[in-house]
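Work through the exercises below with the sequence and the model open. Each task is followed by a solution in steps.

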Amino acid sequence: MKQNSLFLDRATIVSPHVNGWDEFLASLNCQDVISFEEDWRAQLESLPMRSRRRLSPQILLAISVAEKIHETLPKETAWVFASSVGEGETLNVILDALGTPEKAIQPLRFQNSVHNAASGQWTIAAGVKCPVTSINAHNYTVGAGFLKASMQIKSENCPVGLVLYDAPLPYPLSASHKINIPLGVGFALKPEPSANTIAELKISYCKTPNPMPFASLPQIPENSYNPILAVFPLLKCLAGSPQEDIFLGLNKDYGLCIKVKQL
Amino acid sequence: MLQHPRTNNCGITHSSIVTCLGYGRSSHLLALREGRSGLSNNHGLDLQFDCYLGKVPDVEGIGFPSRVADFDNRATRLALAALVTDGFEQAVLKIRNRWGADRCGIVLGTSTSGVEMLEKTYKAIPENGAMPEDYSTRHHDNLHAITTFLQEYLGFTGPGYTISTACSSSAKALVDACQLVESGLCDAVLTGGVDSLCMTSLYGFESLELMSKVPCRPCDASRDGLSIGEAAAFMIVERDADGYLKLSGYGESSDGTSMSTPPPDGSGASQAIKAALERANLTPNDIDYVNLHGTATIVNDSTEAKAVETAVYRSVPASSVKGAIGHTLGAAGAAEAVFCQYALEDEVIPGNTGLIDLDPALLPNVSESCRNGQLRHVISNSFGFGGSNCALVLSR
């Protein structure tokens, strides 16, 4: 892949203690995302309360991220939603239902059980008619999300809203599906610079460097894992921390190298 | 306006398919010509309702390689079955040697991956008990598990990820395969879709009252819902593939109106079809056949007919193969793209298996039987929950 230049108009972060880019800039502290109350839910503006109550924590988180980058993007914007698990809470509810004699799954739960439930609900909330994709690459979901976004921008010559999100699952799936903290991160990306552009991202495909990704993360306790944390070095670089090239893994051998130029 | 530059260099050099009709090209072409359905109510699953399912035969008997045994579940068995069918695995390994492992990517589509294994594991947990410590989501229910299995089994080290947009998943995986090749990141991409029968899907669609008690009848005046199937279907999308079929165009759109019901005018679907035609640099009159998503629900078939009439033309030859293989969900886009490949190569217009009385409100040129016909450009439609629409153009 030739080096692709993407232009970043806005970045955002949603977690229990950091709600939006300004709060992130104020803290720049990964520890802030670690502790949270179990009933924490991302706050939404684009859906009525009645609709919000029907949605999983995962969907609420993803839509909250999309809302925060939406206003910098034009109507003709493609969206990429990337999550390593997706609708984990809904999966747990369905598995519980299948364990009952009636095996009665709620229809609304079923239609919101698909991995693209968050992106689908976002298209409804925002009236999106453009291409929207929902992808997963397990622990490499962040890299895959950026790869897909960069290809979409180049192939359609259109802006892309990139939403990266994962939230913890309830017990008992929480033991096998290890996502310990909720975290959503969003990027408003464009093919050309605009008056709102804050950085140019030069993206190329490269071999995995040594040390491996995550090595540049601040110290995170073992019980605070979330695959979306892989994007933190990029966030910190965007926030002004001196950084060398950012690396986002696509697999154990290769990944994306990102050079950040503040504008 | 979004731009849809031409798709220039995406050849389809190899393919493989397993469905309830059997394994590979000859089984499927024979069934197509005979108008045979693989749907059956003798499916052996413990369900509380009557239905016909498209279950792939003999999956349990496949020898699973010990070096990747941790991935063993029904979905990866379907994937393995497709690999060993029609010489696909040997072709894949030749391609890996030709281009280099790091230039070969994998993009799959699935809606449920190996969740069938998670269902079994979960069922065995005592009340308030814990998940077994040796259960691995990475190897089973994670949506990326089948892609990971294929990466490790085939030694592909290029980019790999999984698209999961419900029933449009594997059609959109073909789009991404093409984007990876056209971006120069890959020289070849193994793409396609896999979904196995599982309780989550079956009871889920039953909860929506969308499951038919008889073999589904897309486009029929008396259609009353889905039959669910399972499948694995793979294609190799490769650059510089002169003499092979092309993925000449694709289009994607979102309805933005409802999670499970398309807008009545089919506007989202027609937008995707128009984008695919534009990218293929074709006009509606260039299209010789449309493979309908054709799920056999009253609303979906009606909406799709309006979309095709708007974006292509009303009398275009069309059919749905879901009366033969069922709705294979996340695998449907790729499975039906393989059917389109066979139609182009063998000059057949697939029949609409199960059709008795064509609904006069739908497209008129739908035949129950397979017909001979020289085809040059065909469209394959896939639509999914979340209002996710994708249309592919395959050309020879």
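**Exercise 1.** Place Ala335(B) in its secondary structure element and decide whether Ala335(B) is buried or exposed.

Solution. Step one: in this predicted model, Ala335(B) belongs to helix α11 of chain B, which covers residues 332-346. Step two: the relative accessible area of Ala335(B) is 0%. Step three: the cut-off for buried is under 20%, so Ala335(B) is buried.

**Exercise 2.** Which residues does Ala335(B) touch, leaving out those up to four places away in sequence?

Solution. Step one: apply the contact limit, heavy atoms within 4.5 Å. Step two: the residues found are Ile17(B), Ala233(B), Ile325(B) and Thr328(B). As a separate distance, the C-alpha atoms of Ala335(B) and Ala166(B) are 14 Å apart, with their positions 169 residues apart along the chain.

**Exercise 3.** Find where the cis peptide bond from Tyr171(A) to Pro172(A) lies in chain A.

Solution. Step one: omega for this bond is near 10°, and the bond is cis. Step two: Pro172(A) sits in the loop that runs between β4 (160-166) and α8 (173-176).

**Exercise 4.** Asn157(A) and Ala296(B) are not glycines, yet each has a positive phi. Locate each residue and classify its exposure.

Solution. Step one: phi is about 50° for Asn157(A) and about 80° for Ala296(B). Step two: Asn157(A) lies in the loop between α7 (141-156) and β4 of chain A, while Ala296(B) lies in the loop between β10 (289-291) and α9 (298-311) of chain B. Step three: Asn157(A), at 37% relative accessible area, is partly exposed; Ala296(B), at 0% relative accessibility, is buried.

Definitions and conventions. Residues numbered from 1 in each chain as written. Chains lettered and ligands numbered in written order. Predicted model: local features only at pLDDT ≥ 70, side-chain atom pairs only at ≥ 80, totals over all residues. Heavy atoms only, no water. Helix = DSSP H or I, 4+ residues; strand = E, 2+ residues; numbered from the N terminus. Buried < 20%, exposed > 50% of the residue type's maximum accessible area, 1.4 Å probe, protein only.
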